[in-house]
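Visitor: I should like a close look at a single part of this model, namely its largest pocket. Which residues line the largest pocket, and which elements supply them?

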Amino acid sequence: MNTNIRQATPADVNALAEIEQCCFPPAEAAGLESFRERLAVFGQHFWVLELDGQLIGFINGMVTNQPTITDEMFEHADLHDEAGEWQTIFGLDVLPAYRNKGYAARLMNQLIAEARLEKRKGCVLTCKEVLIHYYEKFGYRNEGVSASVHGGEVWYDMRLEF
């Protein structure tokens, strides 16, 4: 099987929205228009993974000077600041049939490597309690319950400092 990680393009937008719908509940999932806006504003921070030419996962997030993710960031791509200190991660999505095979880790490592090359302070994300241990494997620290109430859920702020 042949895998490839590349930057997302506008041609990927429908597949991205479909994968997002498979990976997140409706209240949390970003929609087609959100992905169009993200690609237009911070497409260079949006990576997809293909397996034999099929898009099976992606990772994306804006750059900011804020050390945590706020709910307004999910709705306003224009808050992206290319000169910012922190690379956020809005979503790490892998289709269910391809999970537990290391694909999510490859995407995460790609984004971390890019953030290091860009001389960011580190990466930040929010996750549910059940995923804290997963992100800790990459060196993220649990910073406690987030102020985010995205989708009506309880989120935890996670930070990886370089």
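Guide: The account below begins with the pocket and then turns to the chain around it. The model is a predicted one. The largest pocket holds about 890 Å³ of space. Its lining comprises 39 residues, and F24, L92, D93, L131 and Y135 are those nearest the centre of the pocket. Seen by element, at least two lining residues come from each of α1 (13–23), α2 (32–42), α3 (71–75), β6 (91–94), α4 (103–117), β7 (122–127) and α5 (132–136). The largest share belongs to β6, which contributes four residues. In character, the lining consists of 21 nonpolar, nine polar and nine charged residues.

Y135, one of the residues nearest the pocket centre, also belongs to the largest nonpolar core, where Y135 is among the residues with the most contacts, together with L16, F35, I59, M108, L125 and Y140. That core has 39 residues, and α4 gives the most to it, six in number. A second core, separate from this one, has nine residues, including F42, M62, I69 and F90. Within the largest core, Y140 is among the residues with the most contacts; leaving aside residues up to four places away in sequence, Y140 touches Y135, M108 and L125, among others.

As for the setting, the chain contains five helices and nine strands, ordered from the N terminus as β-α-α-β-β-β-α-β-β-α-β-α-β-β. Buried residues account for 48% of its 162 residues. The radius of gyration is 14 Å, which agrees with the value near 15 Å for a compact globule of 162 residues.

Methods: Residues numbered from 1 in each chain as written. Predicted model: local features only at pLDDT ≥ 70, side-chain atom pairs only at ≥ 80, totals over all residues. Heavy atoms only, no water. 1 Å grid on protein atoms, 1.4 Å probe; cavity = no way out; pocket = protein on both sides within 12 Å on 5 of 7 lines; lining within 4 Å. Points joined across faces, edges and corners; volume = space filled by probe spheres on them. Nonpolar A, V, L, I, M, F, W, Y, C, P; charged D, E, K, R; others polar. Core = buried A, V, L, I, M, F, W, Y, C linked by side-chain atoms within 4.5 Å. Buried < 20%, exposed > 50% of the residue type's maximum accessible area, 1.4 Å probe, protein only. Contact = heavy atoms within 4.5 Å. Rg over C-alpha atoms; globule rule 2.2 N^0.38 Å.
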